[in-house]
Amino acid sequence: MTDGRPDPAPNVPAGPVPSSEEGRRLLDLVKVMARLRGPGGCPWDREQTHQTLAHPLLEETHELIEAIDSGDSDAIRDELGDLLLQVVFHAEMASEEGRWDVDDVARRLTEKLIHRHPHVFADVEVSGAEEVVTNWERLKVEEGSGSRRGGVEEEIPPTLPALARAAKVQRRAAGWGVEWPSSEAAVAALREEVGALSGASDDAEREIGEVLFAAVAAARKLGVDAESALRRTTRGFAERCERFLSLAEERDLDLGSVPEDEVRDLFRGTLDR
């Protein structure tokens, strides 16, 4: 199932596979999945389709993100395993129908990695990680549209969270040279958008959208993932809010009748708890 594409093997590094068991357990996983879906296997596994596994795939992805955010190494390992199960599950279903299999998945991924890293596998020079990301987006568009420049939003899933979608659109635009030249310029643009907030209800959505978009651009230039940053801040606020409410209960305070400056002081006090 090579679909006529060139073999990526010549660019694959020689020598043993750099893992504790040289990838043998991955082969075991493929075999176990085939057994579960095969004759005499598991009724539940045999009933699944790409469509029925779509939501579990999303759930597993969010559970992995939660494990990463928590910094729990063992949980990250286990959640990566659950996500890997989704990959071999979908590949096994396609293999049963003669469409493609897990080797085709790995082959296409290997081809993609080699093509999108010309600074490693060819003679392209880059100034740093930011240029690598910009080149990646440009090469990705070229893969889908050939010599034609694709649209800025082409093949970007509309279901992506808004901050992640904004970042991806900005990276795509950067691949064609449309971005702020420095982090200072991006931060200045963010300050300008914040300063332009009028508070008028009829224009609020547009103005807030421009502030958020500018914040994502500033985050990109500063090397920060806006989605991760907001998750971390939201989690921190929730934890502080819990401490704040506990403190108010300890003092038997009716927050609705406490002056605003006292509420602010009380909330600031949760930083020390």
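**Notebook: cysteines, pocket and backbone**

I looked up Cys-241 and noted that Cys-241 is partly exposed, with a relative accessible area of 24%; buried means under 20%, exposed over 50% and partly exposed in between, with a 1.4 Å probe and protein chains only. This is a predicted model, in which local features need pLDDT of at least 70 and side-chain atom pairs count only at pLDDT 80 or more, while totals for chains, interfaces and linings use all residues. Residues are numbered from 1 along each chain as its sequence is written, and side-chain values use heavy atoms, with hydrogens and water left out.

I then turned to Cys-42, which counts as partly exposed at 24% relative accessibility. My search of the whole structure for disulfides gave zero, where a disulfide is a pair of cysteine sulfur atoms within 2.5 Å.

Next I checked the backbone for positive phi outside glycine. Most residues other than glycine have a negative phi. Glu-22 has a phi near 55 degrees and sits in the segment before H1, the helices being DSSP runs of H or I with at least four residues, numbered from the N terminus. I recorded Glu-22 as partly exposed because its relative accessibility is 42%.

Asp-252 also has a positive phi, near 55 degrees, and I found Asp-252 in the loop between helix H11 (226–250) and helix H12 (260–269). With a relative accessible area of 69%, Asp-252 is exposed.

Terms used. Helices (H or I, at least four residues) and strands (E, at least two) are DSSP runs, numbered from the N terminus.
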